[in-house]
Amino acid sequence: MSQNIVNALGAGSGIDTAALVSSLVEVERSAPQNRIDTKRTTAETQISDYGLLNSALSVLQDAATTLNSPDTFNSKEASFTDSTAFIPVSLDPETQAGDYSFEISQLAQAQSLSSNAVLSAPTDEVGLGTLTFNFGRWDVVTPPADPTTFTQDTSKSSTVITIDSTNNTLNGLAKAINDADFGVQASIVNDGSGYRLVMRADSGLDNQLQITASESGGSPTNTDNTGLSRFAFNASAFQMDQNQIGQDAQLTVNGLSVTRTTNTINDVIDGFEFTLSGITATNESVNVSISENKTAGETAVRDFFAAYNVFLEALEPIIGYNEETEDYGSLANDSLAKNIPGQIRQLLVGTVPGLNSTFTSLTNVGIRTELDGTLSINEDEFTDAVQNNYELFKNLFIPVTDSSTDQITINSTGNNTAAGQYAVVITQTPTQGNLVGVDMADNLLTELAVAVSTSAELTGAAPTAVLSDFVATAGRFTAGTATLPLDLATQGAGATDYDFTLTVDGVASAGNISLPVADYGSYAAMATALQTAVNNDANLSGVTVTYDTDHFVFTSPTTGASSNVSMVAVGASANDLGISTGTVSAGTGGANDYDFTIAVDGTTSGTISITPGTYATFGDLATHLTTQINADATLTGAGAGVSVTHNGTAFVITSNSTGVSSTLANATAVGSQASTLGITTGSVVQGATTGGNASNYDFSITVDGTTSGTISLTSGTYADKNAVAAEIQSKINGDSLLVAAGTAVDVSYDSGNDRFTITSRQYGSSSTVSVTNIGSSAADLGLSGGTSTAGNNVAGTIDGVAGFGSGNVLLPALGQPGESMGLIIGENATSGTVNFSRGFGGELQQLIEQFLENDGIIDSREASLNDDIADLDDDQTALDRRIEAYQERLTSQFIAMEAIVRSLQDSSSYLTTILDSLLNTNNEN
């Protein structure tokens, strides 16, 4: 029996222990691995389905956005009489609905002028000087008759076109006009007899041209038949033909007379643009009817609810029963996912917050929710709402604000603003800061009308020259590092090995220049030898050659921009002198580099030169220019003179004379560097005898903490002091510093007290106005001595809670239902009630945004599921480690078992041997 046991144990060594261990490990892993895999599959499926839910919500959000847009419901359509005189262009949603009748009696057109002078080619010269263009209106004549009286539009600046040696052709004149881009188009036309200049202004009665010529070297009479005078068009000289007069469009709109400068009009009926293309016949009118385009709003509502039903269909396999898999969706038991369509459904069946009309829910317009959650439309009720109650219909979907008083209005709302009704009580009304002037001078209007003369002024372009350019320096060639030896003779150098040619100030050496072959004690001695060799050349003299540290320097004997030195290697070893790596430096401050001529008061100067030297500032250089120009014998002989200043950017040249004879033209470059002064391409304003001493009334004003530049009134005849008030307001509101700060004022005239009042357009405690006199008579305006009063911030309560007032804006306190709602409060407000509704579209859009926003509920849920997957990764790692340890333990146990089996097998063999021995012994006995 014992032998059978041993034999069985011996058989144990043939057992497949690896397979046995693997089977046991698989059994141990199976249950926990299935749990991990199932959870992972569920989480990954839920993440994918949340992605589908997100996509479905995004599609629904697009439909809600359209539904929330006022433009969707406020679009307009127009019907109009078929007419060749009237072309509709565009119609905006904000256009006021109504019926309009148009009668067109005159089209706008642009003045067109062509030169009397006929030139043989576009490259023919036209003369030197300036053409000054002014805009305004001429008396009405029938072309080609010349007008007689011109009234300048002082609100438009004059434009001066300068013709000098760089553009003195018919082509150059046309290009200069077009490049100035000031509302005049110039072209060149060949009419068969030759080339003429044709100019066309912008359309409109006040956009006609007055052109005055000022010719260099002569009096600006405009009446001769040469030079630029051939292009004059003014009361003294009509040198151009008027082919077409400028005129405004004239029409009536519902009987109201209207004029416009163009035929394309967009500001008669806000949002409606049209073009006039002809004249209506007597007793003919173009009738335009603008009405609500209800189809767009109706279509948007239908499209949304179709999109909602598609949304439900997309959600069914996710949160309901999936017929394809014959199982419930992965989110069927996810309360968060199922809550999303639930919240949307509550909005669909509920009342839209903030509405107090008869249409407050979708059911009021025939929209029904079916048992399966889908929406349907009762066509009779829906059509009746659209056709007969469209205003209520659209207000159900779009944001609506209203107030019981026009003194309290809702200006803005935010995501935190709760829709609803708010009671507003004003305890302090907002006011604007103002300045109430004192009684002004009685002679103000008379003084403003006094004419004075002005001087011509040339404002140059910014100089491209720098101050160091005016210091006299010589041109030079700085060779690269010299590598030739000093002991040339000992080294056996050839006589021409170091030959080179030299060009100094544009003059080339007569032949090759040779460095004498010798043994030199130093490179300075070699430089002396080079200098002697250079100056022995027949074409060169006065060149200096020096040695600086490791290189030779060849310097011209002259200074200025034309002073230069260049070298070319000829000998086989010449580049050892550093020729190939040398640099050329031109000189500066030449005595004639900046030479120019300038026409002052009709007289062209001789050549004006700038003395080379060190100028500390451009202001110092301007003083020198004044001296040099006024020292010119030609100008002095004609009694002409100037003053030159530097305004921080450019040189400003002002004639010493005044009136129409005070003229300037851009300087004409003579020296090679004259153009870098900036005075050859400047902007010129000619002198005049118009205007007046309005500068005596200059002042500055501080509005809401921002101080203006100098405010200057325009001289001239004012109808009354109301007109002066309008001028003051225009000039203040046109000041660049105030415009940049976003401040503006209103100016009024109090005839009872003969004083001006300036009122800031801003409300609140920071709203202030004060004036500082500058001109000698500014006190006569009565402003600086007036009384300044700061404004007040609004104060009040909203639903009984004190709000925050800033200027005329009242905000609810933070944390209150009306948070983020801005109320505009009028100066006469006391109390009122305001209502705010986002409309169904707005409420839905906000709800969906909460679902889809970053860190929103879907984003948070997806993050949670990803965390679960990360936790499962940790569980998987832990399981793998445990199973690995379990496998190692089983393997160790089986190894131990095998050892025992082998021991038993060894014992079995030993006992068998002994037993056999005992049996043999017994048999022998």
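The exercises below work through the overall form, a few residues and the enclosed spaces of one predicted model.

Residues are numbered from 1 along each chain as its sequence is written, and side-chain values use heavy atoms, with hydrogens and water left out. Because the model is predicted, local features need pLDDT of at least 70 and side-chain atom pairs count only at pLDDT 80 or more, while totals for chains, interfaces and linings use all residues.

**Exercise 1. Describe the overall form of the protein chain.**

Step 1. Take the secondary structure: the protein chain has 17 helices and 53 strands. Helices (H or I, at least four residues) and strands (E, at least two) are DSSP runs, numbered from the N terminus.

Step 2. Take the extent. The C-alpha trace spans about 170 × 115 × 65 Å along its principal axes. The radius of gyration is 48 Å, where a compact globule of 925 residues would have one near 29 Å. That radius is taken over C-alpha atoms, and the globule rule is 2.2 Å times the number of residues to the power 0.38.

Step 3. Take the surface. The accessible surface comes to about 43,500 Å², and 48% of this belongs to carbon and sulfur atoms. Areas come from the Shrake-Rupley method with a 1.4 Å probe; for residues, only the protein chains shown count as cover. Of the 925 residues, 42% count as buried. Buried means under 20% relative accessible area, exposed over 50%, and partly exposed in between (1.4 Å probe, protein chains only).

Step 4. Take the contacts (heavy atoms within 4.5 Å). Among contacts with a separation of 6 or more, 72% join residues 24 or more positions apart.

**Exercise 2. Is Gln210 buried or exposed, and which residues does Gln210 touch?**

Step 1. Locate the residue: Gln210 is found in strand E10 (residues 208-215).

Step 2. Apply the cut-off. The relative accessible area of Gln210 is 17%, so the residue is buried.

Step 3. List the partners. Not counting residues up to four places away in sequence, Gln210 touches Thr132, Phe133, Asn134, Trp138, Phe150, Phe233 and Asn234.

**Exercise 3. Set out the surroundings of Gly433.**

Step 1. Gly433 is in strand E26 (residues 432-436). Its relative accessible area is 0%, which means that Gly433 is buried.

Step 2. Leaving aside neighbours within four places in sequence, the contacts of Gly433 include Ile758, Thr759, Ser760, Val769 and Gly791.

Step 3. Turn to a residue close in numbering. Gln421 is twelve residues from Gly433 along the chain, yet their C-alpha atoms are separated by 33 Å.

**Exercise 4. Compare the backbone and exposure of Asp505 and Asp704.**

Step 1. Asp505 has a phi near 55°, a positive value in a residue other than glycine. Asp704 also has a positive phi, of about 55°.

Step 2. Asp505 sits in the loop between strand E29 (500-504) and strand E30 (507-508). Asp704 lies in the loop between strand E42 (699-703) and strand E43 (706-707).

Step 3. At 26% relative accessible area Asp505 is partly exposed, whereas Asp704, at 15%, counts as buried.

**Exercise 5. What is the omega of the peptide bond from Pro143 to Pro144, and where is Pro144 placed?**

Step 1. Omega is near 10°, and the bond is cis.

Step 2. Pro144 belongs to the loop between strand E5 (129-138) and strand E6 (150-152).

**Exercise 6. Characterise the second largest pocket and the largest cavity.**

Step 1. Fix the terms. On a 1 Å grid over the protein atoms alone, a cavity is a set of points where a 1.4 Å probe fits but cannot get out; a pocket is an open set with protein on both sides within 12 Å along at least five of seven lines; lining residues have an atom within 4 Å of a point. Points are joined across faces, edges and corners, and a volume is the space filled by probe spheres set on them.

Step 2. The second largest pocket holds about 240 Å³ of space. It is lined by 16 residues, and Asp164, Thr166, Asn666, Thr680 and Thr681 are the closest to its centre. Strand E7 (159-163) and strand E40 (668-669) are the elements that give two or more residues to this lining.

Step 3. Classify this lining: five nonpolar, ten polar and one charged residues. Ala, Val, Leu, Ile, Met, Phe, Trp, Tyr, Cys and Pro count as nonpolar, Asp, Glu, Lys and Arg as charged, and the others, Gly among them, as polar.

Step 4. The structure holds one cavity of 30 Å³ or more. The largest cavity has about 30 Å³ of space, and its lining consists of Ser214, Glu215, Ser216, Ala599, Gly602, Thr663, Leu664 and Ala665.
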